[in-house]
Amino acid sequence: MSSTNYNKLIIQVSLQNFSFCVKNQLSNEILHFKSLPINTLASLENQLETIFNQHELLQVSYEDVLVLHDNSLNTFIPEAFFNEHALGSYLQYNTKVFAADFFTYDDLEAHEMKNVFVPYVAYNNFFIDHFGAFTYKHIHTNLDEFVLEETKKNEKEVVYVHLDLDHFDVIVCKNGTLQFFNSFEFQTPEDFIYYILFVFEQLKLDV
């Protein structure tokens with residue numbers, strides 16, 4: 001594989017999609033972006049082999065490769081209540097977990113909390129074979145870090161909604177601290193409005 005200078009490969013994976021972009025770290029410019037569907041009924045490994053063979057930018061070596069896992073199998077835990085040996089117990093109340101599941105976490109050190117999540121092991125195994133070393137995180141870690149930084153000077157609650165095709169995330173922050181985070185699936189505009197108003201009602205926010 002040929003080499004690139006100052007370029008970073010960022011990959012986002014979910015059950016339905018595989019996306020990647022190449023970012024120049026000197027100019028902070030996105031040089032290339034591509035999003036591709038994943039068929040959940042077909043072999044993931046075969047689909048990834050096809051994707052990598054068809055896209056030359058995925059065959060290049062990068063000094064920095066970041067993989068973002070996009071799912072709702074995560075929860076944020078304050079540092080004071082975090083126990084590295086009890087990762088699965090944090091997720092059992094908001095998602096279905098199994099004894100065979102692999103759990104890990106991201107450290108939001110500046111905000112004194114952890115993001116405990118279940119990564120897609122099949123994706124990671126493929127990337128290990130292809131790239132060797134790479135970094136992986138949960139996509140909500142980056143999202144929360146951005147929102148918390150943006151709201152650190154707000155003394156009132158600030159509500160962010162991050163919208164995707166079939167789901168959205170609601171983040172409520174105050175003074176740069178996380179007050180609320182949750183993900184909701186939706187199919188209609190009415191679903192979207194219902195969940196937004198429900199969050200406002202539960203948190204007693206001014207609509």
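1. Starting with a loop residue: if you set aside its neighbours within four places in sequence, Ser-14 is in contact with Asp-70, Tyr-120 and Tyr-123. Ser-14 itself sits in the loop between β1 and β2. Is Ser-14 buried or exposed? Its relative accessible area is 9%, and the cut-off for buried is under 20%, so Ser-14 counts as buried. Keep in mind throughout that this is a predicted model.

2. Now a loop residue to set beside Ser-14. Leu-26 is found in the loop between β2 and β3. With a relative accessibility of 63%, and with exposed meaning over 50%, Leu-26 counts as exposed. Leu-26 and Tyr-6 are 20 residues apart in sequence, and their C-alpha atoms are 6.5 Å apart in space.

3. A quick look at the whole chain. The protein has five helices and 11 strands. Its radius of gyration is 18 Å, close to the 17 Å that the globule rule gives for 207 residues, so the protein is as compact as a globular protein of that length. Along the principal axes, the C-alpha atoms fill a box of roughly 55 × 40 × 40 Å. Of the 207 residues, 40% are buried. If you take the contacts between residues at least 6 apart in sequence, 50% of them join residues at least 24 apart.

4. On to the nonpolar core. In soluble globular proteins, nonpolar side chains tend to be buried together. Here the largest nonpolar core has 22 residues, and the members that touch the most others are Leu-9, Ile-11, Val-13, Phe-18, Phe-52, Tyr-123 and Phe-127. At least two residues of this core come from each of β1, β2, α1 (44-54), β4 (64-69) and α3 (121-131). Which element gives the most to this core? That is α3, with four residues. Tyr-123, one of those well-connected members, is also a contact of Ser-14.

5. Leu-9 is worth clicking on. Not counting residues up to four places away in sequence, Leu-9 touches Phe-20, Cys-21, Val-22, Leu-58, Tyr-62, Asp-64, Val-65, Leu-66 and Phe-131.

6. Next, the largest pocket. It holds about 910 Å³ of space. Its lining takes in 32 residues, with Asp-70, Asn-71, Ser-72, His-167 and Ser-183 lying nearest its centre. The elements that give two or more residues to this lining are β2 (17-24), β3 (29-37), β5 (74-78), β10 (167-174) and β11 (177-185). The largest share, eight residues, comes from β11. By class, the lining of the largest pocket has 16 polar, 11 nonpolar and five charged residues.

7. β11 also carries Phe-180. Leaving aside its neighbours within four places in sequence, Phe-180 is in contact with Val-170, Ile-171, Val-172, Val-199 and Leu-203. As a pair to put on screen, Phe-180 and Gln-16 are 164 residues apart in sequence and 26 Å apart in space, going C-alpha to C-alpha.

8. The second largest pocket has a volume of about 240 Å³. What lies nearest its centre? Gln-12, Leu-68, Ile-139, Asn-142 and His-162 do, out of 14 lining residues. β1 (7-13), β2 and α4 (139-150) are the elements that give two or more residues to this lining. By class, the lining of the second largest pocket divides into eight nonpolar, four polar and two charged residues.

9. How many cavities of 30 Å³ or more does a search of the whole structure find? The search finds one, with about 40 Å³ of space in it. Asp-70, Ile-139, His-140, Leu-143, His-162, Asp-164, His-167 and Asp-169 line this cavity. α4 and β10 are the elements that give two or more residues to the lining, and α4 gives the most, with three. By class, the cavity lining has two nonpolar, three polar and three charged residues.

10. Last, some residues that turn up in several places. Asp-70 is in the cavity lining, is among the residues nearest the centre of the largest pocket, and is in contact with Ser-14. His-167 lines the cavity and is also one of the residues nearest the centre of the largest pocket. Ile-139 and His-162 line the cavity and are among those nearest the centre of the second largest pocket.

Conventions. Residues numbered from 1 in each chain as written. Predicted model: local features only at pLDDT ≥ 70, side-chain atom pairs only at ≥ 80, totals over all residues. Heavy atoms only, no water. 1 Å grid on protein atoms, 1.4 Å probe; cavity = no way out; pocket = protein on both sides within 12 Å on 5 of 7 lines; lining within 4 Å. Points joined across faces, edges and corners; volume = space filled by probe spheres on them. Nonpolar A, V, L, I, M, F, W, Y, C, P; charged D, E, K, R; others polar. Core = buried A, V, L, I, M, F, W, Y, C linked by side-chain atoms within 4.5 Å. Buried < 20%, exposed > 50% of the residue type's maximum accessible area, 1.4 Å probe, protein only. Contact = heavy atoms within 4.5 Å. Rg over C-alpha atoms; globule rule 2.2 N^0.38 Å.
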